[in-house]
Amino acid sequence: MPKEKLNPEVWVDRYSDYLYNYTIVRVNDHEVAQDLISETFFAGLKSKKNFKGEASERTWLIAILKRKIIDHYRKKNSKKGKAEVHIDYNDQDAEGEWLEERVRDPFDKTAEDNMENEELGLAIMNCLEKLNDKQAAIFKMKTIDDFDTEAICNEFNITPSNLWVIIHRARKSMAECMEKTWLN
Amino acid sequence: MNLFIKCEEANHSCDKNQYKEASFWEIIKLNFHLIYCAACRKYTARNMKLTRAFKKSNIQTLPDSYKRDIKERLQKEMSKPE
């Protein structure tokens with residue numbers, strides 16, 4: 001297998017939406033998510049030399065991002081300890097059980113749904129990466145951001161029939177990519 | 001107007017319909033086509049599942065301005081001598 005190489009020029013176009021969807025379900029704050037992602041890219045650039053080419057570029061970036069997310073939680077929690085009142089536990093003196101108390105109800109359906117949606121979202125993002133860059137950009141604008149056909153045509157300087165050909169091809173490869181796991 | 005359409009046109013209407021951009025007449029012709037064309041029935045079913053998957057996933061994209069900004073900053077950082 002050829003060793004993976006890093007191409008920071010294409011990171012933003014290729015991976016930023018994937019990283020965003022990965023982050024937003026974990027930090028639940030748009031601004032924070034954006035900050036963490038830009039920090040991740042810069043940290044990646046700085047430690048470029050450490051990349052051994054064994055993992056894919058995206059896996060490597062996700063590994064950095066995970067650390068950033070953990071750091072974010074640490075900072076948040078240490079601030080909480082100083083300035084804010086703690087969550088009210090049932091028994092202030094009881095030690096050792098606080099974590100369990102905070103674990104979500106295992107029968108909480110929304111939590112389960114969110115988790116499944118996250119996996120689905122990342123699966124979609126994964127398949128989007130297999131499209132070529134222009135195709136992906138147009139397909140995303142149309143399908144995720146709900147742009148008008150006309151607006152996209154103007155932006156990319158293409159005709160509506162060009163656009164529909166691109167959309168058709170994109171939808172076909174997306175369906176193929178997702179079929180086995182998600183479209184049954 | 002002809003009620004019979006080719007598969008290519010049927011698929012095109014189906015694509016448009018995923019974005020609510022197919023006209024009433026296009027939808028009629030598509031549905032009529034689907035009565036006798038198994039291949040397009042399969043395409044349409046898959047296409048609709050894909051649309052549903054996108055809706056269900058709640059995926060979002062980052063704003064364009066943000067992406068451009070980061071790209072510029074990364075470029076700058078990269079052009080710095082090491």
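Q: How many residues does each of chain B and chain A give to the contact?

A: Contact means heavy atoms within 4.5 Å. By that rule, 41 residues of chain A and 33 residues of chain B take part. This is a predicted model, in which local features need pLDDT of at least 70 and side-chain atom pairs count only at pLDDT 80 or more, while totals for chains, interfaces and linings use all residues. Residues are numbered from 1 along each chain as its sequence is written, chains are lettered from A and ligands numbered from 1 in the order in which they are written, and side-chain values use heavy atoms, with hydrogens and water left out.

Q: What area is buried between chain B and chain A?

A: The size of an interface is often given as the accessible area lost when the parts come together. Buried area is the accessible area (1.4 Å probe) that two parts lose on being put together, summed over both. Between chain B and chain A the figure is about 3700 Å², and carbon and sulfur atoms give 64% of it. Tyr19(B), Arg46(B) and Phe54(B) supply 18% of the area that chain B buries against chain A, more than any other three residues.

Q: How many salt bridges does the rule find across the interface of chain B and chain A?

A: Side chains of opposite charge can pair when their charged atoms come close. A salt bridge is a side-chain nitrogen of Lys or Arg within 4 Å of a carboxyl oxygen of Asp or Glu. The rule finds four across the interface of chain B and chain A, and 13 over all chains. In one of the pairs, Asp13(A) meets Lys71(B) at 3.0 Å, N to O. Asp13(A) lies in helix 1 (residues 8-27) of chain A and Lys71(B) in helix 4 of chain B, so the pair joins two chains. Helices (H or I, at least four residues) and strands (E, at least two) are DSSP runs, numbered from the N terminus.

Q: Which residue of chain A forms a salt bridge with Lys67(B)?

A: The partner is Asp17(A), with the closest N and O atoms 2.9 Å apart.

Q: How many residue pairs are in polar contact across this interface, and which elements of chain B contribute to the side that touches chain A?

A: A polar contact is a pair of N or O atoms within 3.5 Å; within protein, one must be able to donate a hydrogen and the other to accept it, and residues adjacent in sequence count only if both atoms are side-chain atoms. The rule finds 17 such residue pairs across the interface of chain B and chain A, both residues being at pLDDT 80 or more. On chain B, the elements that give two or more residues to the side touching chain A are helix 1 (7-18), helix 3 (38-57) and helix 4 (64-79). Helix 3 of chain B provides the largest share, 10 residues.

Q: Where in chain A do Glu129(A) and Arg58(A) lie?

A: Glu129(A) forms a salt bridge with Arg58(A), the closest N and O atoms being 3.1 Å apart. Glu129(A) is in the loop between helix 5 (109-128) and helix 6 of chain A, and Arg58(A) is in helix 3 (residues 57-83) of chain A, so the pair ties together parts that are 71 residues apart in sequence.

Q: Is each of these two residues buried, partly exposed or exposed?

A: Buried means under 20% relative accessible area, exposed over 50%, and partly exposed in between (1.4 Å probe, protein chains only). Glu129(A) is partly exposed, at 22%, whereas Arg58(A) is buried, at 16%.

Q: What surrounds His33(B)?

A: His33(B) belongs to helix 2 of chain B and is buried, with a relative accessible area of 3%. Not counting residues up to four places away in sequence, His33(B) touches Ile5(B), Lys6(B), Cys7(B), Ala10(B) and Cys40(B).

Q: What is the phi angle of Lys20(B)?

A: Phi of Lys20(B) is near 55°, a positive value in a residue other than glycine. Lys20(B) sits in the loop between helix 1 and helix 2 (24-36) of chain B, and is exposed, at 71% relative accessibility. Asn58(B) also has phi near 55°; this residue is in the loop between helix 3 and helix 4 of chain B.
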